[in-house]
Structure formats: structure tokens, C-alpha cells
Amino acid sequence: PLTLLVHSQKEVTDWLEQGHYFFSDIQKEGIYLHSHSGKALPESKTLSNAEQLSIAEKHFEQWFESANSFLIDYGHCVDRGDFKKAAFELHQGTERLYACLLLVLSNYRPKTHNIKKLHQMAIEVTSSAKDVINIFPNDNKFHRRCFELLKRAYIDSRYSEHYKITAEELNWSFQQVNTLKGLVDQYCNSHIAKLRQ
């Protein structure tokens with residue numbers, strides 16, 4: 001399926017100047033259809049290891065800490081029995097863990113809250129690593145339902161009176177997200193260590 005990503009001219013220019021791989025690939029392999037300003041895109045810059053390291057460390061610190069904060073709030077919501085709010089907090093923690101992984105490894109994350117899309121991108125950026133692929137298995141109805149509820153939590157847990165999630169479904173999803181957290185920590189720190197060398 002076709003996915004449309006929309007970014008401003010300034011964002012594209014800034015990311016090309018920072019050597020952002022996603023936009024560099026578009027510049028090299030894409031077809032430039034139209035420019036409102038008539039200006040060509042700037043040439044992408046190749047970042048030094050020191051620059052890549054600085055960017056990766058900054059992304060890791062910001063996004064991993066943010067994910068942890070949402071996971072702590074998830075626990076508070078569960079403790080008081082507010083399962084719909086807990087589902088939202090867990091979704092936000094999951095989204096931020098994927099953002100952390102994508103930004104540290106590739107210096108790019110799309111503007112989406114869809115954790116299914118983010119999961120697919122995480123698989124791609126980790127070269128189809130089995131441990132990442134298997135975070136949210138779809139091998140049975142319960143697992144599929146739990147992931148679907150987590151995916152829908154961003155909107156439905158806040159706005160739909162029909163959204164319902166059980167303690168069992170939340171607990172399973174939390175265990176999977178906790179595993180994801182460990183993998184994100186491992187992959188990001190491994191990448192940062194390589195850049196330090």
C-alpha cells in the first residue's frame with residue numbers, strides 16, 4: 001500500500017543538511033516533480049562519526065526517558081483501576097520506544113501514532129531481527145486482540161465509550177512492551193558504542 005509522508009520544505013532542507021539517511025535516499029533515488037519556490041534541494045551532508053554519535057545520544061536520552069515516564073504513568077493508572085487511561089499511557093510508551101529505536105539507528109521517525117507502522121519500520125531498521133519481529137506475535141486470537149487494543153488506544157481509549165480492555169489484556173501488552181524496552185536499550189546502546197569506536 002502507498003503511504004504519503006508530508007514534510008515542509010524547511011524540514012526537508014534541514015534534514016538533508018544534517019545528512020538524514022531517509023531524505024538523502026529520496027534525493028538520490030527519487031524523481032523531483034515540482035518546486036513551488038523553483039529552488040533545487042540542497043545537497044545532503046555526510047555526517048562524521050562524532051556528529052552521528054552526538055545526534056544518536058541526544059535522541060536516546062530524550063526518547064528513552066520519555067518512554068519510561070509514560071510506562072511509570074501506566075503503572076499508576078493500573079494501580080487505581082483506570083484501564084482505559086492505562087492503555088493510552090502504554091500506547092504512548094510503546095510509540096516512544098519505537099521512535100527512540102528509529103531515531104538512534106536511522107535519524108528518522110515518521111509523524112505517525114500508528115504503532116503497527118512503527119513496528120514495521122523497526123523491523124526494517126534492525127534488518128528484520130527476529131527478536132523485534134516477534135515482539136507482538138499474531139499467532140493466536142488473544143495476542144492479535146491485545147495488539148489491536150493497544151494500537152487503537154491512542155484515540156479510542158480517550159474518546160470511545162465502547163473501548164474496553166481487561167487487566168489480562170493490559171498485562172500481556174505491558175509484558176511485550178517491557179521486552180521491547182529491553183531490545184531498544186540493547187540496539188541503541190550497541191549502535192552508540194559502535195559510533196564511539
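This is a chat about the helices and aromatic pairs of a predicted model.

User: What should I know about the model before we start?

Analyst: It's predicted, so local features need pLDDT of at least 70 and side-chain atom pairs count only at pLDDT 80 or more, while totals for chains, interfaces and linings use all residues. Residues are numbered from 1 along each chain as its sequence is written, and side-chain values use heavy atoms, with hydrogens and water left out.

User: Cool. How many helices and strands are in the protein?

Analyst: The protein has 8 helices and 0 strands. Those are DSSP runs numbered from the N terminus: H or I with at least four residues for helices, E with at least two for strands.

User: And how much of the protein is buried?

Analyst: Buried residues are 40% of the 197. Buried is under 20% relative accessible area, exposed is over 50%, and partly exposed is in between (1.4 Å probe, protein chains only).

User: Let's look at H3. How far does H3 reach from its first C-alpha to its last?

Analyst: H3 reaches 44 Å with its 31 residues, close to the 45 Å expected at 1.5 Å a residue. The expected span is 1.5 Å times one less than the number of residues.

User: What do the buried residues of H3 pack against?

Analyst: They pack against helix H4 (83–106) and helix H8 (167–196), where contact means heavy atoms within 4.5 Å. The buried set in H3 includes Leu53, His59, Trp63 and Tyr74.

User: What happens just after H3?

Analyst: Gly81 takes a positive phi there, about 80°.

User: Switching to aromatics. How many aromatic pairs are there?

Analyst: The structure holds 5. One of them is Phe60 with Phe64: the ring centres are 4.9 Å apart and the planes sit at 20°, so this pair is stacked. Rings of Phe, Tyr and Trp (its six-membered ring) pair if their centres lie within 6.5 Å; planes under 30 degrees apart are stacked, over 60 edge-to-face, and the rest tilted.

User: Where do Phe60 and Phe64 sit?

Analyst: Both are in helix H3 (residues 49–79), 4 residues apart, which is about one helical turn. Both are buried, too.

Analyst: Another pair is Phe136 with Phe147, with centres 4.8 Å apart and planes at 45°, so that one is tilted.

User: Which parts does that pair tie together?

Analyst: Phe136 lies in the loop between helix H6 (130–133) and helix H7 (141–159), and Phe147 in helix H7, so the pair links parts 11 residues apart in sequence. Phe136 is buried at 8% relative accessible area, and Phe147 is buried at 13%.
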